[in-house]
Amino acid sequence: ESVNIRLLCFLAYASGSTWYPVFNLYLKQVGLSGTQIGIIAAIIPTLMLLSQPFWGMIADRWGRRKTLLLTMLMTSLLQLLFLRQAGFVYYLLCMIPFALFYNPFGPLIDSLSLDYVESSKRLNYGLMRMWGSLGWAIMTLTIGYYINDKSYAPIFPIASALMFLGMLVGLLRKDESKGKSGLEVNFKDLKPILKNWQLAFYLIIMMLVAIAIFPIWTFYSVYLSDLGASSSLIGLAFSLDAIMELPFYFISAWFVARFGAGRLLLFSFAAFALR
């Protein structure tokens, strides 16, 4: 079972790394302006904020595995819509349904990984999640050299194929009983959460961090391209970003036990700001 989850994680993140880092370069290549690219890029985090509670309720009632497989299937199909070279309105309309199904796959994979870790007691979460970073690192580097400053259009069928393959791997996992929480989740549950000022303060902090991160993720590849970086160098930059994560997945459990999650978060915020 752990092999199934790790392979699914590898393929799903490999799919995301195939298109996400250079998607805005593709939009620039087909003639969109910086403002138009920013508007399209804003759809993913906006729908993440609006739709995640609904996906959480669906996953709790229908099962995490079934919900994950649905989102992966729809993501792989909708990905192919971007192959058509068109204008701003077309990509905007394509991004809305795509983002709706793309956003939940990461949290759902994390949930399945945590379910397995809690039940098996053999692995920690870092060693499961490490395979996602490995898939990201390999594919960003591969795609950068494969594109070689030519058309970025091939990223979409490749990403679609990887996500579809990940879905097929997920079909082999049969322990559906671990996919449902048995919880009846509704918006009335938000009231005690909002009354918890420590949790509310933490959520505000995470929102500020996301505001800082998303513009960089959106325009980093465009920025490197404007500086004269080739597609292979851009792929290497994103690959190194993931490779540097790998050692910490082996020692993350020790760091959390030694210093606490709160201190590690503060340190990571400071390191990101300095970077």
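**Exercise 1. Tyr 26 and its surroundings**

How many Å from a polar atom of the side chain of Tyr 26 does the backbone oxygen of Phe 82 lie? Find the distance, then describe where Tyr 26 sits and what it touches.

*Solution.* A word before we start: this is a predicted model.

- Step 1. Go to the side chain of Tyr 26 and pick out its polar atom; the backbone oxygen of Phe 82 is 2.8 Å away from that atom.
- Step 2. Place the residue in its element: Tyr 26 belongs to helix H2.
- Step 3. Check the accessibility. Tyr 26 has a relative accessible area of 0%, so it is buried, as the limit for buried is under 20%.
- Step 4. List neighbours, leaving out residues up to four places away in sequence. Tyr 26 touches Phe 82, Leu 83, Arg 84 and Gln 85, and also Tyr 91, Tyr 152, Ala 153 and Phe 156.
- Step 5. For a contrast, look at Arg 61. In sequence 35 residues separate Tyr 26 and Arg 61, while their C-alpha atoms are 38 Å apart in space.

**Exercise 2. A pair of rings**

Work out how the rings of Phe 23 and Phe 82 are arranged, and which parts of the chain they tie together.

*Solution.*

- Step 1. Begin with the total: there are 23 aromatic pairs in the structure.
- Step 2. Take the pair made by Phe 23 and Phe 82. The ring centres are 5.3 Å apart and the planes meet at 80°. Angles over 60 degrees count as edge-to-face, and that is the label for this pair.
- Step 3. Find the two parts. Phe 23 is in helix H2 (residues 23–29), whereas Phe 82 is in the loop between helix H4 (64–78) and helix H5 (88–102); the pair therefore ties together parts that are 59 residues apart in sequence.
- Step 4. Are these two residues buried or exposed? Phe 23 is buried at 4% relative accessibility, and Phe 82 is buried at 1%.
- Step 5. Now turn to Trp 254 and Phe 255. This pair is edge-to-face too, with 5.2 Å between centres and 85° between planes. Trp 254 is exposed at 53%, and Phe 255 is partly exposed at 25%.

**Exercise 3. Into the core**

Name the residues with the most contacts inside the largest nonpolar core, and follow one of them outward.

*Solution.*

- Step 1. The largest nonpolar core is made of 57 residues, and Trp 19, Phe 23 and Met 95 have the most contacts inside it.
- Step 2. Follow Trp 19. Beyond residues up to four places away in sequence, its contacts include Ile 44, Gln 79, Phe 98 and Tyr 102. Ile 155, Phe 156 and Ala 159 are also touched by Trp 19.
- Step 3. Phe 156 is worth a second look: Trp 19 touches it, and Tyr 26 touches it as well.

**Exercise 4. Arginines, a serine and cysteines**

Find which rings lie under the charged ends of Arg 84 and Arg 129, then look at Ser 133 and the cysteines.

*Solution.*

- Step 1. Arg 84 places its charged end over the ring of Tyr 90, 4.8 Å from the ring centre. For Arg 129, the ring is that of Tyr 13, at 4.2 Å.
- Step 2. Arg 129 also has a polar contact, side chain to side chain, with Ser 133 at 3.2 Å.
- Step 3. Ser 133 lies in helix H7 (residues 125–147) and is buried at 3%. Setting aside residues up to four places away in sequence, Ser 133 touches Ala 242, Glu 245, Leu 246 and Tyr 249.
- Step 4. Finally, count the disulfides: there are zero. Cys 9 is buried at 1%, and Cys 94 is buried at 6%.

Methods:
Residues are numbered from 1 along each chain as its sequence is written. This is a predicted model: local features need pLDDT of at least 70, side-chain atom pairs count only at pLDDT 80 or more; totals for chains, interfaces and linings use all residues. Side-chain values use heavy atoms; hydrogens and water are left out. Rings of Phe, Tyr and Trp (its six-membered ring) pair if their centres lie within 6.5 Å; planes under 30 degrees apart count as stacked, over 60 as edge-to-face and the rest as tilted. Helices (H or I, at least four residues) and strands (E, at least two) are DSSP runs, numbered from the N terminus. Buried means under 20% relative accessible area, exposed over 50%, partly exposed in between (1.4 Å probe, protein chains only). A charge sits over a ring if NZ of Lys or CZ of Arg is within 6 Å of the ring centre and within 35 degrees of the ring normal. A disulfide is a pair of cysteine sulfur atoms within 2.5 Å. A nonpolar core is a set of buried Ala, Val, Leu, Ile, Met, Phe, Trp, Tyr and Cys residues joined through side-chain atoms within 4.5 Å. Contact means heavy atoms within 4.5 Å. A polar contact is a pair of N or O atoms within 3.5 Å; within protein, one must be able to donate a hydrogen and the other to accept it, and residues adjacent in sequence count only if both atoms are side-chain atoms.
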